[in-house]
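Reader: Please take a close look at one part of this model. Start at the end of one element, then work outward to the rest.

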Amino acid sequence: MEFTTDLPAMTATETSRAVRARHLSPVEVIRAAIDVIERRNPTLNAVTYKGYDDALCHARKLEAALMRGEDIGLLAGVPTLMKDLFGHKPGWPATLGSLSALTDNLASEWSTFPARIEAAGGIVIGQTNSPAFGFRGTTDNKTFGPTRNPFDLSRNAGGSSGGSAAAVADGLVPLAGATDGGGSIRIPASWSGVVGFQPSVGRVPFLNRPNAFGPGFFLYEGPITRTVADCALAMTALQGYHPGDPGSLREQVDFLGAMAAGVRGKRIGFTPDYGIFPVDTCVAEVVAHSAAVFESLGASVHPVKLDIPFDQSELSDMWCRGTAIGIHQSMNQLAARGIDLRTACPDELPSAMMRWVDLVPHLTIDDLPRDHAMRTTVFDRFRAAFDNLDFIVAPTVACLPVTNSADGETQGPRDINGTAVDPLIGWCMTYFTNFTGNPSASVPAGLSNGLPVGMLVMGRPHDDAGVMAAIAAFEQAQPWSGIYALTAGRDL
């Protein structure tokens with residue numbers, strides 16, 4: 001077989017179609033992807049583990065099966081990357097965000113993304129950068145440093161799935177895996193100018209162990225892509241019941257079919273700030289302009305008032321407490337196995353994260369019910385809004401990408417428009433769906449000062465098909481593919 005086109009520029013949809021038709025060789029596709037990573041990743045710092053030998057071995061097996069006339073799957077030969085945080089592939093390191101003490105901590109079981117992507121014919125060729133334990137909306141760590149934004153290498157790609165988002169935006173692969181405990185699929189999708197799809201709770205099984213119930217918030221796995229079609233293709237492969245997730249859904253969604261459904265007759269609520277966030281003016285203007293596009297597609301767009309009775313700082317503190325409980329538990333479990341992170345790599349545990357983790361033993365019996373009551377109130381406000389709406393549209397995050405620091409601890413802004421925000425998560429307007437379980441997606445809404453701005457589309461509970469239909473309609477009306485000429489031409 002010979003490849004006949006510019007492989008790095010091909011979408012996952014185009015690649016799988018060409019491979020299935022025997023116009024492309026899986027081996028040559030993977031070799032081309034490896035070449036792109038070797039040329040572009042040194043300045044991007046998105047890929048932290050290279051599983052090239054495994055990927056080429058898998059590609060050869062797929063090619064042999066293809067030549068025997070076998071169906072090699074929906075994602076035939078598509079090169080992908082997986083996030084090195086709560087993602088596991090047997091024999092590959094599981095470092096919880098590049099902690100050096102876990103370099104030899106090799107996974108023995110599969111997490112959902114690599115297992116189902118490879119079952120569908122995709123090929124995972126490496127792992128992507130993330131911060132320790134994913135405890136912030138940026139990607140940086142002491143081991144590898146920051147993942148740089150392909151639109152401006154001095155800035156951060158977002159987090160905690162920043163390595164995956166930057167790799168897709170920069171054309172290293174057309175599809176990468178991400179996890180999301182407070183916005184980690186959608187935050188870097190916004191800052192890196194790509195599509196990040198966070199499904200309904202249970203749509204893609206989250207096989208978190210040893211605690212199958214997570215830190216108290218909903219956790220997700222999902223895809224990051226350049227196009228909605230690739231997102232729908234990936235979600236088709238990723239969805240489906242698994243007995244290891246107590247909330248796993250049996251229902252199958254026609255994601256590919258949903259792309260043609262449109263939004264005519266739908267009611268969309270627009271909020272620039274949910275009534276509680278300070279938002280950079282340039283971000284608010286870009287998203288407000290893009291939200292109005294839905295009117296031209298036959299939907300009606302209305303201002304929505306959520307009446308959330310909490311300050312954004314109260315909610316971000318609540319998220320930090322809940323997430324810190326899970327990290328505290330994980331650190332204790334590792335210590336019981338003889339890996340005490342506090343002594344093995346203390347300098348790699350971000351001080352801002354450890355401030356919250358060290359508070360966990362001092363929480364009282366009243367703290368958790370109080371936080372659950374806050375979360376319940378948020379859930380009720382969104383439930384009431386969706387009684388009269390099909391979607392809620394808002395900025396994904398409240399600011400443009402921040403400049404990388406040199407200490408391995410890049411954080412977000414400390415204030416926006418003169419209002420203080422938590423630099424870890426307070427500027428991320430994404431964690432609501434981790435409280436409620438609703439599906440949502442971030443799509444590129446436009447550029448401001450040459451930097452991407454993301455728009456979040458949130459749907460009713462379990463209406464993943466509706467969210468896919470909405471973002472597909474938006475992409476058709478306001479396509480963003482032209483922005484990738486900026487990343488393609490960046491300085492190497």
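Author: Helix α3 is followed by glycine 69, and the phi of glycine 69 is positive, near 90 degrees. Note that this is a predicted model.

Now step back into the helix itself. α3 covers residues 52–67. Its 16 residues should span 22 Å at 1.5 Å a residue, and the end C-alpha atoms are 22 Å apart, so the two values agree. Eight names make up the buried list: Tyr52, Ala55, Leu56, His58, Ala59, Leu62, Ala65 and Leu66. What covers them? The cover includes helices α1 (12–20), α2 and α4 (112–119). Strands β1 (47–50) and β3 also take part.

One of those covering helices leads to the core. Helix α2 spans residues 26–44 and gives the largest nonpolar core its largest share, nine residues. That core holds 159 residues. Within the core, Tyr274, Phe294, Leu315 and Phe432 touch the most other members.

Take Tyr274. Leaving out residues up to four places away in sequence, tyrosine 274 touches Leu306, Ile308, Phe382, Ile392 and Ala394, and also Met429, Phe432, Leu456 and Met458. Phenylalanine 382 is on that list, and it sits in helix α14, residues 367–386. Its relative accessibility is 1%, so phenylalanine 382 counts as buried; the cut-off for buried is under 20%. With the same sequence neighbours left out, phenylalanine 382 touches Tyr274, Leu306, Ile308, Ile392, Phe432, Thr436 and Met458. There is a long-range approach as well. Aspartate 307 is 75 residues from phenylalanine 382 along the chain, yet their C-alpha atoms are separated by 9.4 Å.

The rings tell a related story. Tyr274 and Phe382 belong to a cluster linked by ring pairs. The other members are Phe217, Phe277, Tyr431, Phe432 and Phe435.

The count of aromatic pairs comes to 15. One of them joins phenylalanine 135 and tryptophan 319. A pair of rings is described by the distance of the centres and the angle of the planes. Here the centres are 5.4 Å apart and the planes make 35 degrees, a tilted pair. The partners come from distant parts of the chain, 184 residues apart. Phenylalanine 135 is in the loop between β3 (123–128) and β4 (148–149). Tryptophan 319 is in helix α11, residues 312–336. Both residues are buried.

Strand β3, which helps cover α3, comes just ahead of the loop that holds phenylalanine 135. Follow the partner next. Helix α11 has 25 residues and reaches 36 Å from its first C-alpha to its last, close to the 36 Å expected at 1.5 Å a residue. Just after α11, glycine 338 takes a positive phi of about 95 degrees.

Positive phi also turns up in residues other than glycine. Serine 98 has a phi near 65 degrees. Serine 98 lies in the loop between β2 and α4. At 5% relative accessibility, serine 98 counts as buried. Asparagine 417 has a phi near 55 degrees. Asparagine 417 lies in the loop between β12 (415–416) and β13 (419–420). Its relative accessible area is 52%, so asparagine 417 is exposed.

The loop of serine 98 deserves a second stop. Threonine 103 is found in the loop between β2 (79–83) and α4. Threonine 103 has 46% relative accessibility, so it counts as partly exposed. Its contacts, leaving out residues up to four places away in sequence, are Pro93 and Thr95. Tryptophan 92 is 11 residues from threonine 103 in sequence and 9.4 Å away in space, C-alpha to C-alpha.

Another backbone feature needs checking. The peptide bond from glycine 159 to serine 160 is cis, with omega near 5 degrees. Serine 160 lies in the loop between β5 (152–156) and α5 (162–169).

Two charges over rings come next. Arginine 226 lies over the face of tyrosine 484, at 4.2 Å from the ring centre. Arginine 250 lies over the face of tyrosine 241, at 3.8 Å from the ring centre.

Last, the record. UniProt lists residues 28–467 as "domain: Amidase", in an unreviewed entry. In the model, the end C-alpha atoms of residues 28–467 lie 35 Å apart. The span is 34% helix and 17% strand.

Terms used. Residues are numbered from 1 along each chain as its sequence is written. This is a predicted model: local features need pLDDT of at least 70, side-chain atom pairs count only at pLDDT 80 or more; totals for chains, interfaces and linings use all residues. Side-chain values use heavy atoms; hydrogens and water are left out. A nonpolar core is a set of buried Ala, Val, Leu, Ile, Met, Phe, Trp, Tyr and Cys residues joined through side-chain atoms within 4.5 Å. Buried means under 20% relative accessible area, exposed over 50%, partly exposed in between (1.4 Å probe, protein chains only). Helices (H or I, at least four residues) and strands (E, at least two) are DSSP runs, numbered from the N terminus. Contact means heavy atoms within 4.5 Å. UniProt positions are given in the numbering used here, feature names are shortened, and annotations may be inferred rather than shown by experiment. Rings of Phe, Tyr and Trp (its six-membered ring) pair if their centres lie within 6.5 Å; planes under 30 degrees apart count as stacked, over 60 as edge-to-face and the rest as tilted. A charge sits over a ring if NZ of Lys or CZ of Arg is within 6 Å of the ring centre and within 35 degrees of the ring normal. The expected span of a helix is 1.5 Å times one less than its number of residues.
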